[in-house]
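Work through the following exercises with the sequence and the model open side by side. Each task is followed by a solution that proceeds in steps.

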Amino acid sequence: MSMSPLGRLPMAVKLGVPVAAGLLAAACGTAAGSTAAGSTPAGTPASNGSTTATVIESHAGSAGSFLTNSSGRAVYLWDADSMNKSMCSGACAGAWPPVTAKGHVTAADGAKAADLGTITRSDGSKQVTYLGHPLYYFAGDSGSGQTNGQGSDGFGAKWWLVAPAGTKITVADSATGAAAGAGNSSPTAPASSGGSSTGGSSAGGSWG
């Protein structure tokens with residue numbers, strides 16, 4: 001009777017065949033699983049972390065440099081606020097939307113990073129502060145560089161542009177395209193506080 005080719009091999013070789021086959025299968029399995037086990041396929045982001053940031057910078061105006069966001073939209077402070085505490089909520093916050101933090105808050109072009117901070121409003125959002133002043137936009141500004149809210153006394157107190165030094169600018173700016181207070185309701189008493197208690201900001205500084 002003829003023997004199969006495998007039957008003619010020495011016993012040591014016979015035993016080695018399944019072992020080698022097993023090692024080869026394990027190596028193939030490891031290579032096939034490497035993509036799923038922590039590596040990032042080509043063409044996909046290495047991380048899905050957000051790089052969004054709120055940037056406060058300065059913009060040159062006829063009354064001097066004033067703070068804006070990264071799109072050039074003017075930001076304001078309100079005389080009714082106190083250090084690190086917003087008194088603007090409800091209808092006030094509709095006309096003067098708070099500058100809220102999205103991701104990191106950073107400074108550029110003349111603004112000072114050390115003067116930036118945030119407070120927590122009653123709705124849980126983070127409002128940006130500058131040297132303790134809660135910052136706001138004005139709903140009546142429709143484009144970058146506009147300062148229609150400068151000098152408004154809407155909701156019972158004055159609204160001012162903010163200098164990079166953290167002080168309020170109290171002179172008119174030529175970028176103002178309408179009378180101060182355009183788009184505001186008639187002055188009313190401030191609504192109840194929509195911000196956090198004093199001391200919630202990460203930036204200190206004098207009030208003024």
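A residue is called buried when its relative accessible area is under 20%, exposed when that area is over 50%, and partly exposed in between, with a 1.4 Å probe and protein chains only. The model is predicted, so local features need pLDDT of at least 70 and side-chain atom pairs count only at pLDDT 80 or more, while totals for chains, interfaces and linings use all residues. Residues are numbered from 1 along each chain as its sequence is written, and side-chain values use heavy atoms, with hydrogens and water left out.

**Exercise 1. Overview**

Task: Determine how many helices and strands the protein has, and in what order the elements run from the N terminus.

Solution. Begin with the rule that helices (H or I, at least four residues) and strands (E, at least two) are DSSP runs, numbered from the N terminus. By this rule the protein has two helices and nine strands, and from the N terminus on the elements run α-β-β-β-α-β-β-β-β-β-β. Next, consider burial: of the 208 residues, 34% count as buried. Finally, taking contact to mean heavy atoms within 4.5 Å, one finds that 73% of the contacts between residues at least 6 apart in sequence join residues at least 24 apart.

**Exercise 2. Two open sheets**

Task: Give the strand order of the open sheet with mixed pairing, and then that of the open sheet whose pairing is antiparallel.

Solution. Two strands pair if DSSP finds at least two bridges between them. The sheet with mixed pairing has three strands in the order S2-S1-S4. Strand S2 (66-69) and strand S4 (104-107) stand at its edges, each with a single partner strand, so one side of each is left without a neighbour in the sheet. Within this sheet, strand S1 (residues 53-59) and S4 pair in the parallel sense over four bridges, and valine 55 stands opposite threonine 106 in S4.

The antiparallel sheet also consists of three strands, in the order S5-S6-S7. Its edge strands are S5 (116-120) and S7 (133-134), each of which pairs on one side only. Five bridges connect S5 with strand S6 (residues 126-130), and the bridge partner of leucine 116 in S6 is tyrosine 130.

**Exercise 3. Strand S8 and its partners**

Task: Find which residues pair with leucine 161 of S8.

Solution. First, take strand S3 (residues 76-78), which runs antiparallel to strand S8 (residues 159-162) and is joined to S8 by three bridges; here tyrosine 76 stands opposite leucine 161. Second, take strand S9 (residues 168-169), which is also antiparallel to S8 and is joined to S8 by two bridges; there the partner of leucine 161 is isoleucine 169. Last, inspect the hairpin of S8 and S9, which has five residues between the strands and in which glycine 166 takes a positive phi near 95°.

**Exercise 4. A tryptophan pair**

Task: Explain why the rings of tryptophan 78 and tryptophan 159 count as stacked, and decide whether these residues are buried or exposed.

Solution. Rings of Phe, Tyr and Trp (its six-membered ring) pair if their centres lie within 6.5 Å; planes under 30 degrees apart count as stacked, over 60 as edge-to-face and the rest as tilted. A search of the whole structure finds six aromatic pairs. In the pair considered here, the ring centres of tryptophan 78 and tryptophan 159 are 4.7 Å apart and the planes stand at 10°, so the pair is stacked. This pair links distant parts of the chain, since tryptophan 78 lies in strand S3 and tryptophan 159 in strand S8, 81 residues apart. Tryptophan 78 is buried at a relative accessible area of 1%, and tryptophan 159 is buried at 0%. Both belong to one aromatic cluster together with Tyr76, Trp96, Tyr136 and Phe138.

**Exercise 5. Surroundings of leucine 67**

Task: Locate leucine 67 and list what it contacts beyond its neighbours within four places in sequence.

Solution. Leucine 67 is found in strand S2 and counts as buried, with 0% relative accessibility. Beyond those sequence neighbours, its contacts include Ile56, Arg73, Ala111, Tyr130, Val162 and Pro164. For proline 164, which is 97 residues away along the chain, the C-alpha atom is separated from that of leucine 67 by 6.2 Å.

**Exercise 6. Positive phi outside glycine**

Task: Describe where asparagine 84 and leucine 131 are placed.

Solution. Asparagine 84 lies in the loop between S3 and helix H2 (91-95), has a positive phi of about 55° although it is not a glycine, and is buried at 6% relative accessibility. Leucine 131 lies in the loop between S6 and S7, has a positive phi near 55°, and is buried with a relative accessible area of 11%.
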